[in-house]
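Biologist: Got a minute to go through this model with me? I'd like to talk helices and charges.

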Amino acid sequence: MPSAPSGSGRWEASGESAVAVNANAGVISTGPGATIYTAPTVQLPPAQSVAGPRGQSNHNLPRPPSALFVGRDDDVTRLGTALAAESEPVTRILVGLGGVGKTSLTLQYAHRYRDAYTAVWWITADNPDAITAGLAALTSRLLPDLATPATTNALAEWAITWFQTHPGWLVVFDNADDPSHLAPVISQLDTGRHLITSRRTAGWHHLAAPLRLDVLGPNDAAELLMRTAGRHSVSERLVVAELAAELGHLPLALEQAGAYVHNHAITFAAYLERVRRYPARMFATAYAGSTDQRTVARVWRVTLSTIADRDPLAVEILRTLAWFAPDRLPLDLITRIDDDILAVDDALALLAGYSMITLAPPNLRVHRLVQAVARTADPADPLRTEEAILVARDRAARILLDSLPGGGAEGESGGASIAVPQWEEWRTLRPHIEAFMELVPQEDDTADIAVVLHETSRFLLDQGHVPQAARYSERALSARERVLGSESPDTLSTRNQLGNIYRAAGDLGRAIPLYERTVADRERVLGADHPDTLSTRNYLANAYRDSGRVDLSIPLYERTLADRERVLGPDHPETLISRNNLASGYRDAGDLPRAISFFETTRARAEQALGQDHPRTLLFRNNLATAYEAAGDLTRALPLYERTLTERENLLGATHPDTLTTRNNLAGALQDSDGLHRAIELYERTLADSERVLGPEHPRTLLVRSNLADALWQSGDREGARSLWESVLADSERLLGGDHPDTLLVRSNLAGALFGTGDAERAAQLWESVVADSERVLGDDHPDTLLARGNLARARRSVELSERALADCVRVLGDSHPRTLTARRDLALAYGAAGDPLRAIALCEAAYHASVQALGADHVRSRAVRSSLAGLLRGLIVSVPAFDASASRRVLLNGG
């Protein structure tokens, strides 16, 4: 065997399959016991003696800057500022979600400023071998003839030496996965600048604080989508914005979508429909002709696989997070996913470390496309099987159920209000419940989901979100009937709750039959004396009262009160509520002495059984004050309102809804006395607090706004009142619907304002619509229908219409009801306007005496009739006010 040449390298290999290699030589010998002698090792020149690349060759950037670069100029500037420190070395780490545009931004910066560096070198850094190869590539560029026979490691070491001896360069380490892979290299490169891009946010602290790159803003995202698709149609802007939001404003997803739209010649709306219908396929589709085969699904599949290898719990958590809203997700919600809190902490940290979530205690955030991918089954992805995703969905439902404020305990018969201290918890949880319900098909609703729907509908009703409350309650009822059966107590509870919602919506045509059916079913299933049966009977009586059917409501109130006294006892809170509601029925029927007597008894019993400062005691005091006010007894109403307001402020706080109720009612009573200025101040304060606490769109907020308009009208600010009623009407029609009783009342008030400011014809037209709608929605004999007919009669100055209005009031409400007394006065004035003064005076005198007897001489209605009579006696044609304060305001009652 020939001797080895001087200076050669020598390796020995043995064994049947041994291979002996000298990477510095081009000869390989194989076989048992083989020995090879290689050619002399190539000697590379000293690195400091080799000049850097020049001109157009001073970089190896992988592609030109994108012509679709949109909305990142500020980020380029921010990156340049971060790299512009005078001393070297400088290390900056750009982190963010896969597909957010870290590489594109870095390429844009590198191309834009490459002349400022002696060299710009791009290295793919997702593993150690790639880093070594990237360094070696620089040597191959600078020494193309000498580098070929050298080992990769030797070439990489020479490149490091070259960087050390040639300052002013920029090295980009793109898509770095592990900080430990870069640390040995960066520690040796101390004469230039390093820019690292990575999906990982954690582990870089020993190098530099990461710079986070977020998604595009809405306008820039829409622009990128339009440019990629080659479209610039203004008419498509709205759907483009919707699609951009659906894609979470993620650049990779936007480019993927735009290219698909362009290549397939479809509309943006069509793409939006496809991505919602076939998410797995659309997220994995790269567009034809692209050299970049990255897609949202492929980019994140690699990341998820890495995470799953390290901690399977992290992937389970991510799949569960996919069913909630992407923003402001409470961390304590997610800790419920596993009993081992420390394991959950570790899993969340791992997800955050790979930019799959953003931790911002006490919340976390997930990109909506990460969620979409994580909950979309894909047969090609073992981490996204159908079974795993359904398990995650059921886990999310259980987390929501366990997180319900109050532990998810259902209120009595589904009707009890949500406690105010729980409102903030509910408001935090609500967007995640809504997101979950939008994602889960209704036919897949489980018993757990039905509970969440039922309880959420109660909160939504309390908050005045009546249409959504109805949708959730209807869905809960459908689920419970399917899962539990139509006669399950839980099903009946939801049916009762749905009746409450229909009643709040003013839809008595659906509420009353639902209550009637539920009463019958509860009597059969639970028994006639069961508390829940009595509760539904009470709600049915409330609905009868709302519909103006005192002939049905009062007997049912009386029966329910008697049964509750027998079953629960005379001083039980629910018994007291029944007595309160019966008193309210008497009040609405115009039987004020009896109403006052029942209210006084209820208050006294509550003070003795519950205490002077119990919330329900204060409730009954408020309602007693409304009865005093209705009777015109302001000497007792005002002090009781004042006392109740002070006690509610002390016990519940100045902005509690019950406090706002009493403040509103006090303001109304002040209107009827000499306190109009203070009434306006109280209304304004109550309105500001209602908007802040209940929200500007809550039905009670709208009522306070309407009442404020009434006070402004009374103060002489006719245009201010008219403008305010117009805005309230627009909001009521939008939020409550055109047929809601409150909407009809506001429309009537606006008609009165139009009449009072000289627009009589438009006022009459509005009142005609109110009469027609009231007859259709509430019925011919509802008190609000009678009020609308009276207003129309005034506007038309019609004796015939006024006679019918009086006859209807006498028949429905009785001869001494306050509205009957007003109708008699109005007929008298109609006679006067028609040229029959004697008949007018006689009728007005009778109306005055009846009013004094029923309400007292100082009642606002009695004073109004007296004023009209005085005008008739002086021979004047009296102009009738379009409406009066007591008819145009809503007094807020408390009850159950």
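Below, the two of us trade questions and answers.

Modeller: Ground rules: it's a predicted model, so local features need pLDDT of at least 70, side-chain atom pairs count only at pLDDT 80 or more, and totals for chains, interfaces and linings use all residues. Residues are numbered from 1 along each chain as its sequence is written, and side-chain values use heavy atoms, with hydrogens and water left out.

Biologist: How far apart are the end C-alpha atoms of helix 25?

Modeller: Helices here are DSSP runs (H or I, at least four residues), numbered from the N terminus. Helix 25 has 18 residues, 592-609, and the expected span is 1.5 Å times one less than that number, so 26 Å. The model agrees: the ends sit 25 Å apart.

Biologist: Which residues are exposed on the other side of helix 25 from the buried ones?

Modeller: Buried means under 20% relative accessible area, exposed over 50%, partly exposed in between (1.4 Å probe, protein chains only). Leu592, Ala595, Ile596, Phe599, Thr602, Ala606 and Glu607 are the buried ones. They share one side of helix 25 because they cover an arc of only 130° around the axis (taken from the directions from the axis to the C-beta atoms). Exposed on the other side are Pro593 and Gln608.

Biologist: Is Arg776, the salt-bridge partner of Asp773, buried or exposed?

Modeller: A salt bridge puts a Lys or Arg side-chain nitrogen within 4 Å of an Asp or Glu carboxyl oxygen, and this pair's closest N and O atoms are 3.0 Å apart. Both lie in helix 33, three residues apart, about one turn. Asp773 is buried at 16%, whereas Arg776, at 52% relative accessibility, counts as exposed.

Methods. Helices (H or I, at least four residues) and strands (E, at least two) are DSSP runs, numbered from the N terminus.
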